[in-house]
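Reader: Before I rely on any of the labels used for this model, I would like to see how each of them is justified.

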Number of protein chains: 2
Amino acid sequence: MSLNIKTETARIDDEIKLSSGKKLMSYDIKYETYGHLSDKKDNAVLICHALSGNHHAAGRYKGEEKSGWWDNMIGPGKPINTDKLFVVCPNNLGGCHGSTGPNCINDKTGEYFGSKFPIVTVSDWVNSQKSLLNHLNIPFWRCVIGGSLGGMQSLQWSLEYPELIKNCIIIAAAPKLTAQNIAFNEVARQAIMKDPDWCGGDYLKEKKSPDQGLSLARMLGHITYLSDDSMKKKFGRDLQQPNLKFNYEVEFEIESYLRYQGTKFVSNFDANTYLLMTKSLDYFDPIKDYGDKIQRMLSKTTCKFLVISFTSDWRFPPHRSKEIVELLLDNNKPVSYAEINSSGGHDAFLMENENYFKTMDNFIKRLR
Amino acid sequence: MSLNIKTETARIDDEIKLSSGKKLMSYDIKYETYGHLSDKKDNAVLICHALSGNHHAAGRYKGEEKSGWWDNMIGPGKPINTDKLFVVCPNNLGGCHGSTGPNCINDKTGEYFGSKFPIVTVSDWVNSQKSLLNHLNIPFWRCVIGGSLGGMQSLQWSLEYPELIKNCIIIAAAPKLTAQNIAFNEVARQAIMKDPDWCGGDYLKEKKSPDQGLSLARMLGHITYLSDDSMKKKFGRDLQQPNLKFNYEVEFEIESYLRYQGTKFVSNFDANTYLLMTKSLDYFDPIKDYGDKIQRMLSKTTCKFLVISFTSDWRFPPHRSKEIVELLLDNNKPVSYAEINSSGGHDAFLMENENYFKTMDNFIKRLR
């Protein structure tokens, strides 16, 4: 069968009260769907995206150079098999690819949200995704799936709406950030906020763009997504030109790669969304947030879990994923765990890998 | 005995031809000495500093808040024992604490060097330190000692002037940077160079200062100097205030620490020197530079080596130090190697640690 890709925007008119205490009276969620919803409406799968992701997870539109960010995983006959499943991937609230976010016009004021857009959390996203579920008139998610920040959303779904999620896949994630994780995010944020063109967050109003800061943030991010080993294999100490130049232009291939990644990113991403996403990562800490309540919450979930980590991921290494596994086992939840051998670093969750794909396929084939 | 600290500036009038092909006709090297040169002039030790270090390694001047950067290691009765040794610590050429560097006035033009200051390499430093040795009228170094970038200078000394160095201590170093190491340096450089106040390197002339960029570079550096574990112990996810603020001000202790480190650093360091030091790190690769010649060079050294690494150092982890050990063993050099248990990360080389200090003390006590 074909992918049957559709792009829609849901206008959600339910008021959402955010973790910060602020409210949004209504908002748009842009989303893509793949495959077909069954007559029983029992085959819907939610894909949650990570920091720089969006709703365009699979397929390729006319004129597009590259397919969606998880096209290797989602499609007819692929592990997230659109011949059988109805796959929904929204752009998160606060994102910059069509859902309501800082780069949108606030209907109330007629101006860009910019600095006025509230910080949203993983829990806020799950609540907005619940409204999308209602909007789609789907009774429950057969499975919620996400990698990295997306995996945190999967976990949060199992805690907040145990009755609405039958299976949960958490890839390359952690139950909370470490001080080092937060530190990297903070340097990225400072890079953006110290850019004079950030204008306190209101650069769109000022017709400016903090490109330098956002590009720095992305360069830094990239270092943490790749493993030392994968960088070594990809670039080593290869020079861009046969001889050293003894100046501050690009000397090594890795420098050229990073500058390119930085520049490419700013053409397609909003700096305020980047800030907001990193804060959402920093804040995520359900074990602390729920305290003693977490056992009661987990006791309600009937969800089956699959947790996956990658050996070379140093952003959220296997021992961090195992913290999630332990939380679930301690609460007698059925959980499968796979530690995948890969040199791909954190980004391995986006890469083709036989063991990884087989693990996904096996779990998803048996979804009940 | 007392530390007998002295601060001097050597005017070196020997022309130096740099690795880049550029020349300096003369230059100043500011240096400190501790202890007393023996009558036989056979007890001089050279300390090489790292990226952000300078000549002020030990002791405390009137009004100074903190002692020199290696005060725990250097002094009467300490591992680098100034009761017995005459210790010399220069500020490197291109530095910003008194030696000729980008923040100095070029006598020829009457203007700040700024962007005109040539990039210098580890080899250039060793050559300028050789001129300092001549200037001091000392026949040889009993030992050359350095950590991190300083350790690279120690290693380079043993290769370039085997007849002038009797012992060599290389701490928390590597024989070359990895792509990941270079990547971090490149992001730091981009942070500085994208700061509009960098002015192409001529900020002093323009009476500006790229503080934001330098502060970002330092914040990023700090993450790589500390281990994930030491950050966890020091900060964890501690909040600065009891409740989340949901804005972009400081939320977690680690953010406060990083911002403080960034701000403190810019008051005391020159951005162009930072750029130059990171380039010097990137370029260091004696095994490639010397190729087949390295065996012949090493065959001439009669030096005893001590190589030290720290378990939690992820900038130059133990396996990188072992590459140096292997190079030396393959060439039948006498080398002791110690892998010190520490959670201090790369910065462990600056921290008090019983096993580390004993290892240093035992080796230095037996210097011949």
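Author: A nonpolar core is a set of buried Ala, Val, Leu, Ile, Met, Phe, Trp, Tyr and Cys residues that are joined through C-beta atoms within 7 Å. The model discussed here is a predicted one, and its largest nonpolar core has 221 residues.

Reader: Which residues have the most contacts inside that core?

Author: They are V45(A), V187(A), V45(B) and V187(B). Leaving aside neighbours within four places in sequence, V45(A) is in contact with residues including I80(A), L85(A), F86(A), W141(A) and I145(A). In soluble globular proteins, nonpolar side chains tend to be buried together.

Reader: What makes the 14 residues of helix 1 (residues 122–135) of chain B agree with the expected span?

Author: At 1.5 Å a residue, helix 1 of chain B should span 20 Å, and because its end C-alpha atoms are 20 Å apart, the two values agree. Among the residues of this helix that are buried are V122(B), W125(B) and V126(B), and just after the helix N137(B) takes a positive phi of about 60°.

Reader: How do you know how chain A and chain B are related?

Author: A rotation of 180°, with 0.0 Å of shift along its axis, superposes chain A on chain B with an RMSD of 0.0 Å. The two copies are therefore related as by a two-fold rotation axis.

Reader: Why is it said that the copies meet through the same surface?

Author: The reason is that 100% of the interface residues of chain A are also interface residues in chain B. The contact takes 41 residues from chain A and 41 residues from chain B, and the largest share of the side of chain A that touches chain B, 11 residues, comes from helix 3 of chain A.

How values were computed. Residues numbered from 1 in each chain as written. Chains lettered and ligands numbered in written order. Predicted model: local features only at pLDDT ≥ 70, side-chain atom pairs only at ≥ 80, totals over all residues. Helix = DSSP H or I, 4+ residues; strand = E, 2+ residues; numbered from the N terminus. Expected span 1.5 Å × (residues − 1). Buried ≥ 20, exposed ≤ 12 C-beta atoms within 10 Å, placed from the backbone. Least-squares fit on C-alpha atoms with pLDDT ≥ 70 in both. Contact = placed C-beta atoms within 7 Å.
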